[in-house]
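Q: Please take one part of this structure and look at it closely. I am new to it and would be grateful for a connected description, moving outward from a single starting point.

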Amino acid sequence: VGGRPRGGAPTATLGDLAPDRELRAAVLGVFRWCDADGDGALSEAEFAAAQRLVAELCPDDFNESAAAAAFRKAAEVGEGSFVSESDFLASMQELVDALPIPRRDLLRGLLRQTSGRSTRFDKSVSDLKAALVRNVSNLPEDDGTVPAAPADLWRTATGRNQFPLPAGAAGGPPMARVAFQILQYLAMRTEDASFIEGQLAAQMMGHRQMFKQMLDMCGEVCGVHADPGGTVDIFLMKSPWAEQVFRVRVSGLRLAGGAPGLPESLVGLGGFEPAPVEPSDVPPALLAQIRGATPEGAGAPSAGAPPPLAPPSPAALARQSSLLDEGELQSLDLALTASPTARHLFRIGFELAGRAPPAPHYLLLAPRIKTRSAGHARYADHSVRLLRGGGVEPETWPFGSFVLANVRGRWLDRLAVEHEYTSCRVRVRPRAAAAPDEVVPCPELSPEERAANLAGEPEQASRLRALLGSQGLQRRSQERDVAFAVRLGRALCHGYTYDVPATQENLQSLPTLVWEKRRGDCSAFNTGFVFALRAFGVPARVSLGFKYGKAVQQACGAVAAPHAEAEFYAQGIGWIPADATLGIKRLGHESSSMLSFVEWRPAVMSLGEAEEEAKVLATGSSSDPAREGLRRHLEQLRPGVEEFSLEELAVGLSQTEGIPKDVAARQTSQVFECCGFKASEALSARKFSRCLSAFNLGKFADLGSGHALAATSKAGVKFYEGGPYTGSPLEAKLLRENMMVQDDIDQVLDMVGDVKERRDWSSMWPFGVFMCRYEFVEKPLP
């Protein structure tokens, strides 16, 4: 072993780091790819898969019996029937050394085999990972139910042992049984791969940990339904009576064999489609079989039925409040609850793209996250810190909605911004069942808040009402805010497609895109949901930030990915978070390190925020955010008069803005309607001018762009070249706005289907481009 010539050059010894580090690392990559359980040793099945991956690089005369002999030889120096990393290198040396291909081709081939995107199966798993994180509420919540441990009956490589089949697979078509076996193998519930064609089994190896985590989170396989069209639905549940069901739809199964006395084997597989569903989405006959054809809380199932999972504890029998039905949403006294779960910390580092030198001075804006104290329940608290290793700390100016700092260019390589907050699991529950200390008080909306979160163009709102009416989704008479929002959100679960290019091609029509085209990305779904609610009188807003967690890391390799969600205000309950991407699966906010969301900013700036921003940046459009000029003009029209009628306000608006009287009258009427004022009511000049300003701020056109504070939603921070700030507004035209880009954004774009050539970000903006590095840390609660 070692020293045998290949292509005229001596072969490096894999166990020796020095001679050929690249080849050794590539072979160890195969080891780690096949070490599905991550225990640092390969089982017989894992080792066979590793040898197959390497053997695929050589001619077709690979000797299977020789491979088995190599395993036995390696296992003799390993522990029991497992092969360690060092033993693997020793055993693989003989095979690698004998391959009649040049070293460069061998190296490239090994890297390709473990790239995770080299085959159709790899692509289907990649699509599954991306689909799992498209909606932050996709994964079932942790309701305290502990799934029964999988029966330890199907653990051998031979498959000779008997094991219980779930409902639908027992006595069902071969495709149903094989689909169940596939998921059991992929989720590491068994090491039996004897029914899977060898090459396909080898491709599955590196993905098994992800499938294991999926079943650990969502529950075990309770039922299988084979569709005559060729797809198989596998239903995961934590108990037969669980209110949360997760469906994995498997397509493109190709079986071979099936001769008398021989089981079918899997030779091909198309893809996976995950979706959280409700028990009503499970075929009734299958659901009855899963539950043993017995009522909830009754005794054992009838004889001959497949063994169900262990019954849930009495606490788990309580209906999950996130799945309240239409009648309950309409009639129950509901409350918003927030349960702190962990401390989450984002640390952001910076690097200038390209070769441009840093500017002498920068102005940095970091947003303050809205918390429970302001009626927004996702986060109990929030702090933002600027860190610089050694030397003088940056000068900071704290404002209510952001932190401003003067930063010297030479500090950039050691500068970091930290956002730390207590993340809460937010739910809508019957008030009688909610813990008093978890109930979030319902804030009363001010007229300005109502104006900002009900704003919209009249023609657009009319168009939305017509579109929704044609689909039977218009608001019903006496329908509560929360009941209408859930009915609207659930309608998006069926017949809609996730499509990034469709959004990019229709950026100017986001409020109506999903309702017209039935497709879009997270920003299109949530913007469409928000403006549909506004069109029927429900205050709502778009939340901009990042989704993050282990599931996102698995899906694309990035710490976080840009994401949009929604919040709507339900009378008597408060601001309810919801993710409408491909439909609302659950009301509330997820706070686990597996999959969560941080809202850097709402898409809409409040008037108070605009006034704070005007203290820092002076521009023609924002120097008078509260329209003090309009107020003064109105007061000059009738000196000494404190309140004005709707007609008088419209006349003053027409004169001040230089717009036709009929246009001014329509705008004034809209403001009155959104704020909840009666047409006969008289307002002070100050109140009207502030409400009109808030209304215009609420009619946002582009997500995360425009005002400086709004732009912090793209990265959790914003840089400008210029300054320093000394307490007086800086002229915006004298500052150079910098572009903020996530440093692993290409991986994220690949995940969401925006596949283009890799971008040179430094050439896409006339001024500096910052590549932002993100680190995420979860801490226990104090």
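A: The bridge partner of Leu364 in strand 13 is Ala405. This contact comes from a predicted model, and it is a suitable place to begin. Strand 10, residues 361–367, and strand 13, residues 402–408, pair in the antiparallel sense, and seven bridges join them. Strand 10 also pairs with strand 24, residues 718–721; these two run antiparallel as well, with four bridges between them. Here Leu363 has Tyr720 of strand 24 as its bridge partner. Because six of the seven residues of strand 10 are buried, this strand is largely enclosed by the rest of the structure.

The description now turns to an open sheet. Five strands make up this sheet, in the order 11-14-9-28-27 and with mixed pairing. Its edges are strand 11 (379–388) and strand 27 (739–742), each of which pairs on one side only. From one strand to the next, the twist averages 30°. At one edge, strand 11 pairs with strand 14 (residues 415–430) in the antiparallel sense over eight bridges, and His382 stands opposite Tyr421 of strand 14.

Two further strands of this sheet, strand 9 and strand 28, carry aromatic residues that merit attention. The structure holds 23 aromatic pairs. One of them is formed by Phe346 and Tyr548, an edge-to-face pair with 4.9 Å from centre to centre and 85° between the planes. This pair links distant parts of the chain, since Phe346 belongs to strand 9 (residues 334–352) and Tyr548 to strand 17 (residues 540–548), 202 residues apart. Phe346 counts as buried because its relative accessibility is 0%, and Tyr548 is likewise buried, with a relative accessible area of 0%.

Phe346 also pairs with Phe776: the ring centres lie 5.5 Å apart and the planes stand at 45°, so this pair is tilted. It too links distant parts of the chain, with Phe346 in strand 9 and Phe776 in strand 28 (residues 769–779), 430 residues apart. Phe776 has a relative accessibility of 24% and therefore counts as partly exposed, as the limit for a buried residue is under 20%. Phe346, Tyr548 and Phe776 are members of one aromatic cluster, which also includes Phe546, Trp600 and Tyr774.

Definitions and conventions. Residues numbered from 1 in each chain as written. Predicted model: local features only at pLDDT ≥ 70, side-chain atom pairs only at ≥ 80, totals over all residues. Heavy atoms only, no water. Pairing = 2+ DSSP bridges. Axes fitted to C-alpha atoms, helices over the stretch in contact; angles between N-to-C directions. Buried < 20%, exposed > 50% of the residue type's maximum accessible area, 1.4 Å probe, protein only. Phe/Tyr/Trp six-rings, centres within 6.5 Å; stacked < 30°, edge-to-face > 60°.
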